[in-house]
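Colleague: Please take a close look at one part of this model and explain to a first-year student how it is built and what surrounds it.

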Amino acid sequence: MAATMMEHNNHSSNDLSHQKRADSSKSESPSEDGNLTDDVVELVQKEIGGDLKSLKKVPGLLEKLTLENKQLEEQVLTVSSSVPLRVSAALSAAEESRVKLESLLEKERLLSNTLQQHLQGSQVWADSIGQVLGQLDTLERHMKYLQCLARIEELSDRIQQYLMTNSVWDAVGAIDSMATLDMGLRESACSHLQAFIRETLRFWHKILKDKLSSDFEEVLTQFHWPFISPPTQTLSPPANAQEINSQLELLVSQLLSLQTSDDIISEKKEIPSHPGQSQTPPLSLPIQIMLLPLSKRFRYHFTGNRQTNNLSKPEWYLTQVLMWMGNSSNFMDEKIQPILDRAGNKVNARVELCRGLLILAQEKLAQDAPRLLYDDALFCHLVDEVLQFEKELRSTHSYPRAYPGILHILLEETVFQKWLSVERKMAVEKVDAMLSAEGAWSSQYKDITDVDELKAPDCAETFMTLLLVITERYRSLPCPRAQLSFLALQKELVDDFRIRLTQVMKEESRQPLSPRYCAILNAANYISTVLSDWGDNIFFLQLQQAAVSVGEEILGPLGATETGRLASLEGSLFEALLALLERLRGDMLGRLLDAVMRDCKEKAQPYCKDRWISLPSQSDQATMSLSSSACPMMLCLRDHLLQLQQMLCLPLFQMFWQGLTERLDCFIYEDLILYNHFNEGGAAQLQYDMTRNLFPLFGHYCKRPENFFKHVKEACIILNLKVGPALLLCDVLKQSEKDDGHLNHQQSSPESVLNELGVYKLAPSDAQILLNLRSAWLKQ
């Protein structure tokens, strides 16, 4: 039985091995062989396993696998027999398609040949038709050309007829139609036609304009135009006032209708204005005619060899222009403006007249300014008059800021550079004069306490007034670049003045307590305060934004950080100057404090060397009094404080006495307290001197002056502790040293113990040193 089972097993194993080798021979890759082996092993493990009793399943498994193999072979044979039939069918279909394709290609070749023959035959017809179409196009263009000529002739005849019959409105309409036709031919290549219509339009426009201008001038004459002097109110209006007003409105309306043709003939475009100003349209035709008599008078008086044409008197023609504006304003508002409004013309009559008069002033200024470049006095006078004219133009006559005045003439490169150089020269001369003046370092408000808060000397106040005047001069300039150029000049002047202050300060540094030294310090503080206020001013904030975009060309290269700060408004245009002034102010305050401390230390030497360890106790004295050795130091401090309070402005004096308390605190603590040993009487005397004499000296300037003497105050607290609390504090400090700073939950820290005593500034090590200074009576 066992032998039989072994045979079956061997047989099954041989069959499985045979099947495995067969499948392996069919596989195409090592990975497939590995997968097949894994499948066979998995099948054997699943069906038989490791139990020998399961070997009886081998015959059934073999039979099952044999059946499956047979089925697979049949399927393979079936597929193999059907494949040739499908291949044959595919080949037949391909052959049929090839035959159809050859047939189609042959048809395409025949059709192509036929089409080519047809095209060759029709080319003659096409050439013939092309010539005809070209001739038609030429004829069409000739016809349009003739139509344009006919239209021009027709309009010309109609205009002539209308003028002969005095039909002015019809003539105006015909001229407007001709102007429209002229604009339509602007893109045409027919130059002769363009020239013809332009000449025809100019001919008829001039005739009609001359006629209307003559009638308009006659009507204006009846209104006493132009108003050379201020108009006077007549007692009664003329009898034909209504008729004159009707004629005025009719003529103004007709002239406005000729505006288009007038602009075309004159080739007027929008008048270019200075950068930063909006474009301005050409003057309306009625205003042009109204300006003619004023223009004649202006050129008569202010050109040629007339006495009124004086280079040294620019105010003559500028004032004349302003007078004409003022004299004519009522007439423009009451007579001309309503007519313009009814005609739908959206312009301001008074502003239009001002624009026309400004053209005269601009032309005159443009001629005169270059001739004054080599005479500083006359040039300065010209600039002053132009600035005053611009100010009155914008304020009194309400001339819009969107329209250019005459300031842009001064911004021409040559003239503008001359302006800057003259401003710089004049400013430097004034600074020299103000610094050399007798009362340069005294304040003109020194006797008025409420006014003289900053105690600025005259030279500093005059200098800032000079800068303010310069600001007002360039504030109204229409170009940010020009404004930034003046700002750069101001910064240059401030830096130059700072250097001059530094030079004078060094001369006075040997006597830092002198009034002149304090005046220099007040001057630096005053300039810094004013510049800080300017940094928050709307005008300078606008300049700051302009400096971000165009400032590098004028103010020099700006770093990325500085540009970012300026753009975000965190910094200011005067930040660098403020830093330099702050440095000067700090240096001078330091010198002042050094001088006072040097004097106080000298007076305090006997006080520091007093025998603090042998002074009588407080119980042995009837009353406590200031130590006699401390009197010189206290008197010195009092005198200096009173003196400097009078000479320094309040912000500087506050900085001074606070810096003085800081230095005094360190001096008394280090040179007096830590240098000596104290008995009970010495500690009490020290506390009395400090709390009743030194601290009250500064009580005039703050409510709690002892807070500025933290070292001295807390040292007095520790030195004046009773024996019990002193011993307990000493034990806590010693225990903390033994434990190396590690405390248990029940033990208080030295800092908390010191805080309970009112000591916050001094460290535990400082407290230990102070306790050792009173060790002579602690051992009792």
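Modeller: The expected span of a helix is 1.5 Å times one less than its number of residues. The model is a predicted one, and this rule can be tried on helix 11 before turning to the part chosen here, helix 20. Helix 11, residues 376-395, contains 20 residues and reaches 29 Å from its first C-alpha to its last, close to the expected 28 Å. For helix 20, the 17 residues should span 24 Å at 1.5 Å a residue, and this agrees with the 24 Å between its end C-alpha atoms.

The setting of this helix is as follows. The chain has 780 residues, 39% of which count as buried, and its secondary structure consists of 27 helices and 0 strands. Among contacts with a separation of 6 or more, 74% are between residues 24 or more positions apart.

Which residues of helix 20 are buried? They are Met-633, Met-634, Cys-636, Leu-637, His-640, Leu-641, Leu-644 and Met-647. A general rule helps in reading such a list: an α-helix has 3.6 residues a turn, so residues three or four places apart point the same way. The cover over the buried residues of helix 20 includes helix 15 (515-535), helix 19, helix 21 (650-673) and helix 22 (680-697).

Of these neighbours, helix 19 deserves a closer description. Helix 19 (residues 575-608) packs against helix 20 (residues 631-647) at an angle of about 160°, and their axes are 8 Å apart. Helix 19 is therefore roughly antiparallel to helix 20, a term applied to angles over 145 degrees. The crossing of the two helices is right-handed. On the side of helix 19, the contact is made by Leu-592, Val-596, Asp-599, Cys-600, Lys-603, Ala-604 and Tyr-607. On the side of helix 20, it is made by Pro-632, Met-633, Cys-636, Leu-637, His-640 and Leu-644. Sorted by class, the contact has 10 nonpolar, 1 polar and 2 charged residues. Among the helix 20 residues in this contact, Met-633, Cys-636, Leu-637, His-640 and Leu-644 also appear in the list of buried residues.

A further neighbour of helix 20 comes from a loop. Phe-698 lies in the loop between helix 22 and helix 23 (710-719). Is Phe-698 buried or exposed? Its relative accessible area is 0%, so Phe-698 is buried. Beyond its neighbours within four places in sequence, Phe-698 is in contact with Leu-641, Trp-657, Leu-660, Thr-661, Leu-664, Pro-705 and Phe-709. Leu-641 is also one of the buried residues of helix 20. Another of those buried residues, Leu-637, is 61 residues from Phe-698 in sequence, while their C-alpha atoms are 9.8 Å apart in space.

Helix 11 may be read in the same manner. Its buried residues include Phe-379, Leu-382, Val-383, Val-386, Leu-387, Phe-389 and Leu-393, and also Asp-376, Glu-390 and Arg-394. The buried residues of helix 11 pack against helix 9 (314-342), helix 10 (349-368), helix 12 (413-435) and helix 13 (458-474).

A loop elsewhere offers a contrast to buried Phe-698. His-224, in the loop between helix 5 and helix 6, counts as exposed because its relative accessibility is 61%.

Key
Residues numbered from 1 in each chain as written. Predicted model: local features only at pLDDT ≥ 70, side-chain atom pairs only at ≥ 80, totals over all residues. Heavy atoms only, no water. Axes fitted to C-alpha atoms, helices over the stretch in contact; angles between N-to-C directions. Helix = DSSP H or I, 4+ residues; strand = E, 2+ residues; numbered from the N terminus. Parallel < 35°, antiparallel > 145°, perpendicular 65-115°, else oblique. Left-handed = near helix turned anticlockwise from the far one by under 90°. Contact = heavy atoms within 4.5 Å. Nonpolar A, V, L, I, M, F, W, Y, C, P; charged D, E, K, R; others polar. Buried < 20%, exposed > 50% of the residue type's maximum accessible area, 1.4 Å probe, protein only.
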